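Thanks for sharing this one. Here are some friendly notes on a helix pair and on the salt bridges.

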Amino acid sequence: MRSNGQERNYKAPKTDDTLSRLASIGQIAAGIAHEVRNPLTAVKGFLQLLQEEISHGYLDIACSELDQAIATLQDLLQVSKPDLEEESYLSINLCSELESLLYLFQDQIYRVQIVRNFRNSDEVIYGKRNQLKKAFFNLLKNAFEAIPHEGIITIDHYRMGDFVFVSISDTGVGVPQEKLQLLGTPFFTTKDEGTGMGLTQVFSTIYQHGGTIDVKSREGIGTTFTIQFPIEMIEQIGVMNLNMQYVEGQSFQEYFVMNQDRFHELFAHETKETNQLIEASMYNIDVQDIFDRMAKLLVEERQHELTILAKELGKTGARNDVPLVIKLELIQAFRKVYWNLLHNYYQHVGLDMEGVFQLGIKTNFILDHYIFHYFSSYIEYKDELLRSHRETIDDLSVPIIPLSASMAVLPIVGTLDTYRAKKVQERTLNQIASLKIQKIIIDLSGVAFMDTAVVGHLFRIVEGIGLLGCKAIITGIRPEIANTMIELGIVFTEKVDTKATLQQALEEYQ
């Protein structure tokens with residue numbers, strides 16, 4: 001049924017009810033897909049086993065249909081949970097990507113004319129290339145399929161204000177008004193043969209990249225999808241013109257002081273996501289104060305004081321458990337903004353190529369020196385803390401318990417590695433000599449694991465105990481330890497006794 005010629009318009013901003021509806025439906029559909037896919041996979045496995053025993057055309061058809069169903073469910077899981085696809089954000093030139101995608105439709109060019117209106121073609125966005133290419137492929141595929149015979153597809157690319165726009169228009173059959181708001185919903189499609197998963201992936205991907213989708217359609221005339229990406233998603237390549245204030249003859253230090261507010265603004269923009277992570281995680285970092293101090297010392301070329309600051313902040317960061325990756329993100333953002341500041345200043349002053357290289361080497365050396373000392377101080381503090389904790393654990397994990405003036409118990413609990421075995425040896429022998437212990441019960445029933453090297457070391461300790469004139473009684477030897485002793489050929493002297501349990505040893509020797 002044709003419309004009255006009025007254009008139907010459906011805009012899907014990412015903050016409206018449409019996004020919530022699609023997200024909810026997507027979550028439910030993903031849950032169902034996950035639960036349904038598992039039994040279908042099992043059924044397919046049994047059918048494959050039957051195929052090995054019986055040859056029948058119906059089995060081939062059943063397997064083929066199951067493959068198609070499982071593939072559809074897999075597509076649903078991927079578009080419902082796009083974050084499961086591990087893909088890095090990269091700088092993407094959409095004009096280049098669209099050109100490469102159009103080559104995939106060469107077989108359609110004979111009936112469909114392609115009109116390219118690529119303005120601002122040097123603009124780039126920051127996103128996941130494969131996901132975006134798949135989204136635009138689905139849009140182009142829909143556009144070609146919407147044109148039953150001959151027609152035109154028009155692709156526009158341009159930047160307007162704070163947005164980059166891409167629109168794909170076709171002269172196809174159009175979408176009825178009552179169905180516009182269902183676009184992007186899993187399993188909704190206007191095609192006779194289709195799952196609706198293509199547009200679901202499109203909407204999901206565009207929303208993930210901070211974009212919005214505007215759909216206009218007129219039945220019998222065609223459909224236009226217009227996608228806009230906000231300017232904050234644009235990745236700046238190289239240096240930028242910051243339009244900062246400059247007074248003839250002023251030094252770089254004076255130029256920095258004059259534009260310090262602008263520097264703060266740019267740095268805050270570059271570190272927006274990192275700052276949100278810091279606030280959400282409750283890390284104790286005053287980002288603005290730290291990088292104000294860094295900038296002042298760097299501008300004044302006070303490298304020694306910058307090194308002292310790096311060591312101080314490294315220790316503080318380690319004490320507050322601030323992840324190194326957060327600090328690195330902040331420093332890289334600082335480097336980027338500072339470099340743009342230098343670039344804009346020396347545009348006014350005029351600097352030859354040799355001067356640019358010398359400036360770059362000097363600035364990067366100072367910042368890399370700062371990073372080195374920050375990381376070194378951070379790691380040194382963590383190592384000291386680890387050593388301190390280990391010493392405390394060692395003190396607590398080698399407790400000799402006196403039972404009488406001449407008898408004691410040494411219960412060993414947990415994993416016994418070579419390091420800990422040496423600590424047991426050192427502390428045990430010292431305490432036996434100090435307390436003049438004549439009998440010591442070493443209980444191994446609480447040892448979780450002991451490798452071959454440690455078993456050998458432990459029983460050398462037992463021999464050392466005998467050299468001090470102390471009799472050792474070992475209890476709780478587990479079968480695997482006994483097996484290791486046999487393999488190593490360990491033989492006890494007359495100064496060593498064994499008992500099955502600690503209780504038996506206490507009853508006999510007290």
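The points below take the helix packing before the salt bridges.

1. A word on the basis. This is a predicted model, in which local features need pLDDT of at least 70, side-chain atom pairs count only at pLDDT 80 or more, and totals for chains, interfaces and linings use all residues. Residues are numbered from 1 along each chain as its sequence is written, and side-chain values use heavy atoms, with hydrogens and water left out.

2. Helix α3 (residues 94-102) packs with helix α4 (residues 129-146) at an angle of about 55 degrees, the axes lying 10 Å apart. That makes α3 oblique to α4. Helices here are DSSP runs (H or I, at least four residues), numbered from the N terminus. Axes are lines fitted to C-alpha atoms over the stretch in contact, and angles run from 0 to 180 degrees between N-to-C directions. Angles under 35 degrees count as roughly parallel, over 145 as roughly antiparallel, 65 to 115 as roughly perpendicular and the rest as oblique.

3. The α3 and α4 crossing is right-handed (the near helix is turned clockwise from the far one by less than a right angle). On the α3 side, the contact (heavy atoms within 4.5 Å) involves Leu-94, Glu-97, Leu-98, Ser-100, Leu-101 and Leu-102. From α4 come Arg-129, Lys-133, Phe-136, Phe-137 and Leu-140.

4. How many salt bridges are there in the whole structure? The search finds 15, each being a side-chain nitrogen of Lys or Arg within 4 Å of a carboxyl oxygen of Asp or Glu.

5. Arg-293 is worth a look. One salt bridge joins Arg-293 to Asp-289, with the closest N and O atoms 3.8 Å apart; both residues sit in helix α10 (residues 287-299), four residues apart, about one turn of the helix. Arg-293 also forms a salt bridge with Glu-312, at 3.4 Å between the closest N and O atoms. This pair links distant parts of the chain, as Glu-312 belongs to helix α11 (residues 303-319), 19 residues apart from Arg-293 in α10.

6. Are these residues buried or exposed? Arg-293 is partly exposed at 32% relative accessible area, as are Asp-289 at 36% and Glu-312 at 40%. Buried means under 20%, exposed over 50%, and partly exposed in between (1.4 Å probe, protein chains only).

7. Glu-301 forms a salt bridge with Lys-362, the closest N and O atoms being 2.9 Å apart. Glu-301 is in the loop between α10 and α11 and Lys-362 is in helix α13 (residues 353-397), so this pair ties together parts 61 residues apart in sequence. Lastly, salt bridges with shared partners join Lys-296, Glu-300, Arg-302 and Glu-305 into one network.

Notes
Helix = DSSP H or I, 4+ residues; strand = E, 2+ residues; numbered from the N terminus.
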